[in-house]
Amino acid sequence: MPTILEAENLSLTYDNNTIIVHELDLKIQEGSITALVGPNGCGKSTLLRGLSRLLSPKTGNVCLEAQDIHRMNAKNLAQKLGILPQSPIAPEGLTVHELVAQGRYPHQSWFQQWSAEDEEIVQEALTITNLTMFADRPVDSLSGGQRQRAWIAMALAQQTQILLLDEPTTYLDLAYQLDVLDLLEELNEQGRTIVMVLHDLNQAARYADTMVALRGGQIVAQGEPAIVMTPYNLKQVFGLNASIIRDPLTNTPMCVPMSRRRIKRALEADLRITEKVS
Amino acid sequence: MTAKTKQVNSTRFLQSRTVLFPGLLIGLALIVLCLAWSITLGAAEISIQTIWDSIFSFDNSSFQHLVIRTVRLPRVVAGAMVGASLAVAGAIMQGLTRNPLASPSILGINAGASFAVVLVVFILGSPPLSVYSIAAFIGAAVASVLVYGLGSMGRSGATPLKLTLAGAVFTAFIGSFTTALLITSQDTLDQIRFWTVGSLAGRDWALFVQTAPYMAVGLIGALLLARQITTISLGEDIATGLGQNTLVVKGLAAIVVVLLAGGAVSLAGPVGFVGLVAPHIVRFIVGQDYRWILPYCALLGGILVIIADIAARIVIRPEELPVGVMMALLGAPFFIYLARWKVNR
Amino acid sequence: MQPTKIKHNWWILRIGGFSYKIDKRVLPVLLALIVIGIVVLVTSVSYGEYDITPWQVLQTIFGLEENARFELVVWQFRLPRILVAFMIGAALSVSGTILQGITRNPLADPGILGVTSGASFAAVAAIVWYQIPTVYLPFVTFAGATIMAALIYLLAWKGGSSSIRLILVGIGLGAVTSAFTNLMIVFGDIRQVQQAYVWLAGSVYGRDWDHVRSIVPWLLVLLPMAILQARQLNTLNLGDDTSKGLGVNVELQRGILLLVSVALAAISVAVSGTVGFVGLVAPHITRRLVGPAHEGLIPAAALLGGVLVMFADLISRWVISPSELPVGIVTAMIGAPYFMYLLYLNRNK
């Protein structure tokens, strides 16, 4: 699969003093699902913002289909790359349809503000995300999962090849988390490239083709989940003692964290049993 | 929409606790020096020696001694008292509302006092300063209740933005009535215009004696409440968890603030920005403990007003600027600095 | 031209490649406002020391009545001032709508932002200190407002503009200019000071056709500019990140919109002083009537603001008649309580 989005020697900073992401190289394959994982403060959200032009690079560049994204016209880029930021806030009273309609902005102009095509695409986005019946409801009256789907529908209406999502499942109930991830997987099967920051390692392992583990602004491990999710890597990246088992449902790696106290108690319980037996 | 405001730099300038008490003494010495310096200035220069004599070996046939005793000393002491009260009131407000942008003037107290005074002058024609001061006090009290109530409606209580907006709206609203009265009567306008910008001119012992008790009681009350304010400045939930009765503390603190700010405005008219600026400087020096913040504020506030008054009297000699204007000119840039550097989305 | 009803909420207009979408509520509201506006206009013109019945007013306007007295009163005194009231109401209302859009804060208003205090300071300086003839006031106040807005924007800039910082810096700078204004008030000649006070309160007293002529070109340029940016305003409401992701040049747009907003505020301050609260209250009421989409919001807000100020002017001439209150005071007396009600509504945000 060809590389569609590439970061070269990318360094990112917010205030010119502390560098969050250090001279990082990353290639995103077309049509893949990439999950950025890492502990708090490792720079995964910053990296995502850097990939999307929300943050200008201090050094290095980011190229979409071999074109530097910072030299591209803003609307052109928005037609190819969509971003869903963390915890987006919808203005009060905005309906689902209106929100999704906003996604058509990069394809419109003052002359052509609402073509028949725009209308169709929005309808389609609503259908895919199962929100047609909510079209006229205000966004803030929906549940967390539905709201997130509405934002994804907006990104869908944008009709971009690439979707960047910053923690799309954080703060959602577990059922909704899986809902959203399933939807993203479906979109990926239709050909979209997805890059998302995920907090939950096991979810990342289930859904991603490629995992990228970051620590201190640098990539510590990247590749298929089976390669990244090893006890050694988890210790390096998260400082976590864990063992890896096979997820019984999906056959992907699953991490089972160990805590010292539990191990000690388990060992003690074992000892008592063996003492009794002997 | 929530505004998270970063606490002002928490590394204290005076690191060691043992330095804090001598620091207070130094502050006291400084304020006395400023007082003296201020008295030496004026239309006629007076020497330090003369000042000393006028206090300790008063000669009531000496014109200079008389000027010092009846004109300059009361004015300067009034300035110190006003500054101390406003600074302490501002510090308490900032601690209580956990809002670094709180101060008596921003919260509409001054607008309320002004309206009351203008109304009284409009009705009574030309009342003595003592009536001014009663009206100002009442106006300030009512205004503070209204603004605090308006700004703390809702789940999140009093946030920086809501309080500032409530204060701004209230000021505009009351201001419109004040302006209506002033436009209708040129005489009232003429009488009042010097008062409404905050001034120490003509403040004599009689007025001082009338208003000082409020401020004195307020200052003592503030020092007594200092520990409670430190606790409540940590957060409502934490304070309740530590066993504090926050409702009572807030109520007492509010009464103290009204005594202080109301007293100050009844003595000198609306002087802005001392209550905003002084606590910040003090927090930088002594840290977050209100048992030290409040006394230091009293001293620094007094010094600031005296200096502003000195500047106001020198800058366009022999005329003088109202001290309130000088204070705004010095204080507003600082407010902007705060808004720019300390408010991070 | 085929208006096609598709969704529940919009009228959609498509001719060839051109397409436009507007909320269904907009047209009836606009019509209603026009009707109400005419009623208020005629009532206002007919009210005054010299009584003229509304019917006679209409006849005079359409040239059917040949009464020289009526013509004088209607054409020379009342009509221009009421038209000025309408236009500054429209300008301030749109200015506030834009500001609320770019700061994403429903409580923003040109006055609170301190821009108008820059304009007032310039005007008071012109009246009290330099005694400049009133003809030059519009330029002076425009300069004052623009410099003020530039300063606010620059000082609130810290790697980008933030809505809260804009408001707070505006309040701070407003305080500085107030201090200077106070200086002039304290030391100026009392008659000029009183004149300045009236001006500060916001008044349309004595506004004539010259004033009308000075506002109209500005409105003709600025209002369409605002309407053309409606889509961008809608998108900016979603947040900086989302807007950038959708391809909006956020900083540029905000800059342009701020400029338009300031210009509108400045022109109205130039002609009639600081009339408060219109820019705050009118957009809110309009939003409840036609919804937040700016394509319809901006024109409707303009009409509503204009009607509101015309109405306030009528009240200002009636309440202590035969004297009159400056119209800015009436708008404050009505507007501030409404704003407090807004604070109450927004209390959980």
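## A stacked pair in chain B

B:Tyr214 comes out as partly exposed, with a relative accessibility of 37%. Keep in mind that this is a predicted model. B:Phe137, by contrast, counts as buried, at 17% relative accessibility. That call follows because buried means under 20% relative accessible area.

The two rings belong together: the centres of B:Phe137 and B:Tyr214 sit 4.5 Å apart with their planes at 25°, so this pair is stacked. It bridges distant stretches of the chain, with B:Phe137 in helix α5 (residues 129-151) of chain B and B:Tyr214 in helix α8 (residues 205-232) of chain B, 77 residues apart.

## An edge-to-face pair and its cluster

Over all chains, the structure holds 8 aromatic pairs. One of them is B:Phe115 with B:Phe177, an edge-to-face pair at 6.3 Å centre to centre and 65° between the planes. B:Phe115 belongs to helix α4 (residues 109-124) of chain B and B:Phe177 to helix α6 of chain B, so the pair ties together parts that are 62 residues apart in sequence.

How buried or exposed are B:Phe115 and B:Phe177? B:Phe115 is partly exposed, at 21% relative accessibility, and B:Phe177 is partly exposed too, with a relative accessible area of 26%. The cut-off matters for B:Phe115, because buried means under 20%. There's also a third ring to look at here: B:Phe115, B:Phe173 and B:Phe177 form one aromatic cluster.

## Where chain B meets chain C

Now for the chain contacts. Of the 2 pairs of chains in contact, B and C share the most contacts. Chain B puts 49 residues into this contact and chain C puts in 48 residues. About 4500 Å² is buried between chain B and chain C, and carbon and sulfur atoms give 76% of that area.

What about charges and polar groups? The rule finds 0 salt bridges across the interface of chain B and chain C, but it does pick up 5 residue pairs in polar contact, both residues at pLDDT 80 or more. On the chain B side, α6 (160-184), α7 (186-192) and α13 (323-342) each supply at least two of the residues that touch chain C. The largest share, 14 residues, comes from α6(B). Sorted by type, the chain B side divides into 32 nonpolar, 9 polar and 8 charged residues.

## Chains A and B

Which chains stay out of contact? No contact joins chain A and chain B, and their closest C-alpha atoms lie 10 Å apart.

Key: Residues are numbered from 1 along each chain as its sequence is written. Chains are lettered from A and ligands numbered from 1 in the order in which they are written. This is a predicted model: local features need pLDDT of at least 70, side-chain atom pairs count only at pLDDT 80 or more; totals for chains, interfaces and linings use all residues. Side-chain values use heavy atoms; hydrogens and water are left out. Contact means heavy atoms within 4.5 Å. Buried area is the accessible area (1.4 Å probe) that two parts lose on being put together, summed over both. A salt bridge is a side-chain nitrogen of Lys or Arg within 4 Å of a carboxyl oxygen of Asp or Glu. A polar contact is a pair of N or O atoms within 3.5 Å; within protein, one must be able to donate a hydrogen and the other to accept it, and residues adjacent in sequence count only if both atoms are side-chain atoms. Helices (H or I, at least four residues) and strands (E, at least two) are DSSP runs, numbered from the N terminus. Ala, Val, Leu, Ile, Met, Phe, Trp, Tyr, Cys and Pro count as nonpolar, Asp, Glu, Lys and Arg as charged, and the others, Gly among them, as polar. Rings of Phe, Tyr and Trp (its six-membered ring) pair if their centres lie within 6.5 Å; planes under 30 degrees apart count as stacked, over 60 as edge-to-face and the rest as tilted. Buried means under 20% relative accessible area, exposed over 50%, partly exposed in between (1.4 Å probe, protein chains only).
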